[in-house]
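Reader: I'd love a close look at one part of this structure. Could you pick one helix and walk me through how it sits among its surroundings?

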Amino acid sequence: MAASESLWSTLTAPLIRQNPVMLQILGICSALAVTTSLDTALTMSASLTVVVVMAAGVISLIRRHIPNSIRLIVQIIIIASMVIVTDQFLKAYFFELSQRLSVFVSLIATNCIVLGRTESYARNHRPLPSMVDALGSGLGYGLVLTLIGACRELFGSGKLLGHQVLPLAEQGGWFTPLSLMLMAPSAFFLLGGLVWAVRSIWPEQADAPDFPPHDLREER
Amino acid sequence: MADLNPLSLWRRFIATPNDNRAKTLFVAFLVSLICALLVTGATVMLRPIQAQNRAAEQQARLEALISAVPGISDLIAESGGDALSTVVIDLDAGTAAAAVTPETLEAALSDQANWTTLAAADDTAGIGNRPNYAQIYLLRSGDAVSLAILPVVGSGYGGRIQALLALRGDMQTLAGIAVTEQSETPGLGARIEEPQWQQGFAGKRLVDDTGATRFAVARGPARTEYEVDGITGATRTSNAMTQMVRFWVGPKGYGPLIAAIRRGEF
């Protein structure tokens, strides 16, 4: 009972309270690049989740036999192999999507979330909790990507998953697409807004200010 | 006495402390071996499906291009059946290549000797080097060529742009274009993939009466019969398209072939 409860909290903690993108600001470069439309964001999230879960499982299985001196190399090799296999799989069965994701699936290998979870969690825990933790992180990443991808596709081209939702002005509707939404900076703006919103709702997530604001009254 | 039973060797290996140098090496070797097998296995097993996907995509784009050319279905019906012929040509000579067939083209192009390095002054498309052979598609009505489909490549803002250019029988009028590969900015330069934009190519003239190449992607809307509408916010991509088309219909590209077709030698 207690075990399943802690598994549940391991799974749900990274969704909002410990979200790897919003709280730890990890993995945002891919979050910028693949969120111009919702379907690429979903595919990328699924690929990352698969990679991080498999890598966490494998690394957790052999955790007692990874020599400390080469542990990062061993982890990277395992992660990179999983990434290549996922990439090849996408190219074979989801050809069109993989073309639009281009190089970013291969770049999962360098995504901080994956190495972060294997290094800080999977290396010290049994396979099941490790995989649950990895799944939670993957889903947390996916949640942010989905939100940003949906916003950018909706306001950038008036579509969701390729279906026209807002009628375009060019075709007689009322909606003029914001081309800014399709450029990389808009992902920064949206992500910043999202982090702001989340930290306003859950103030315990906010970092302590590095330099406390100077109190002017003291000087008088 | 040395115990060579693999099971007990394995147990001894497992029991060895992790900071043992031999174990470190062995773990590294084992992990690399297993990962190499995994990656190789996945690549080799999935390669046929991937090749199929690529070929299917190429074919689909070619068919889409052909069906987009006005009046093409009538032409095909006139000449009856499978009228589109595939020819490998020698770019410098402007004739059908004697030694290379569509089946052997890929092997021929993997040899660097079959590529020409372009001088900076000639290389307006920014591609560096150019194959000596290219596979083109011709549609004939009677003896004359009524449509030629030429693969072209250029360098855009985000990377390589590949396209199929369709020319009418007079070899001076564009019949259409299909972009088969691009990595331009989504929403801006990537709009070269949109059919609405590509439709603007149909009927545009490449050269004027004096023989000078006039074709261009305009800045803003097209004003002359040589121009195609520009893409707002994608000046570099638009310029790349202009340069790519101009290079490939020019003397270093399909120029000799176009001249040969115009002389009726094809």
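Author: Happy to; what follows starts with the chain as a whole and then turns to helix H7 of chain A.

Please keep in mind that this is a predicted model. Chain A is built from eight helices and two strands. Reading from the N terminus, the order of its elements is α-α-α-α-α-α-α-β-β-α. Chain A has 220 residues, and 40% of them count as buried. Among the contacts in chain A with a separation of 6 or more, 74% join residues 24 or more positions apart.

Now to the helix itself. H7(A) covers residues 127–157, which makes 31 residues. Does its length fit what a helix should span, and what are the two values? At 1.5 Å a residue, the expected figure is 45 Å, while the C-alpha atoms at the two ends are 43 Å apart, so the two agree. Just beyond the end of H7(A) comes Gly158(A), whose phi is positive, at about 70 degrees.

Next, the partner. Two packed helices are described by the angle between their axes and the distance between the axes. For H7(A) and helix H8 (residues 184–201) of chain A, the axes come within 10 Å and cross at roughly 125 degrees. That angle lies outside the 65 to 115 degrees that count as roughly perpendicular and is not over 145, the mark for roughly antiparallel, so H7(A) and H8(A) are oblique to each other. The crossing in which H7(A) passes H8(A) is right-handed.

Which residues make this contact? From H7(A) come Val144(A), Leu147(A), Ile148(A), Cys151(A) and Arg152(A), and from H8(A) come Ser186(A), Ala187(A), Leu190(A), Leu191(A) and Leu194(A). Sorted by class, the contact has eight nonpolar residues, one polar and one charged. The numbering makes sense with a bit of helix geometry: an α-helix has 3.6 residues a turn, so residues three or four places apart point the same way.

Pro129(A) offers a link to another part of the chain. Its C-alpha atom is separated by 9.0 Å from that of Ser6(A), although the two are 123 residues apart along the chain. Ser6(A) belongs to helix H1 (residues 2–12) of chain A. Is Ser6(A) buried or exposed? Ser6(A) is exposed, because 12 other C-beta atoms lie within 10 Å.

Finally, a word on the neighbouring chain. In all, 23 residues of chain B are in contact with 23 residues of chain A. On the chain B side, helix H2 (residues 21–68) gives the largest share, 15 residues. By class, that side has twelve nonpolar, nine polar and two charged residues.

Definitions and conventions:
Residues are numbered from 1 along each chain as its sequence is written. Chains are lettered from A and ligands numbered from 1 in the order in which they are written. This is a predicted model: local features need pLDDT of at least 70, side-chain atom pairs count only at pLDDT 80 or more; totals for chains, interfaces and linings use all residues. Helices (H or I, at least four residues) and strands (E, at least two) are DSSP runs, numbered from the N terminus. A residue is buried if 20 or more other C-beta atoms lie within 10 Å of its own, exposed if 12 or fewer, and partly exposed in between; C-beta atoms are placed from the backbone. Two residues are in contact if their C-beta atoms, placed from the backbone, lie within 7 Å. Ala, Val, Leu, Ile, Met, Phe, Trp, Tyr, Cys and Pro count as nonpolar, Asp, Glu, Lys and Arg as charged, and the others, Gly among them, as polar. The expected span of a helix is 1.5 Å times one less than its number of residues. Axes are lines fitted to C-alpha atoms, for helices over the stretch in contact, and angles run from 0 to 180 degrees between N-to-C directions. Angles under 35 degrees count as roughly parallel, over 145 as roughly antiparallel, 65 to 115 as roughly perpendicular and the rest as oblique. A crossing is left-handed if the near helix is turned anticlockwise from the far one by less than a right angle, and right-handed if clockwise.
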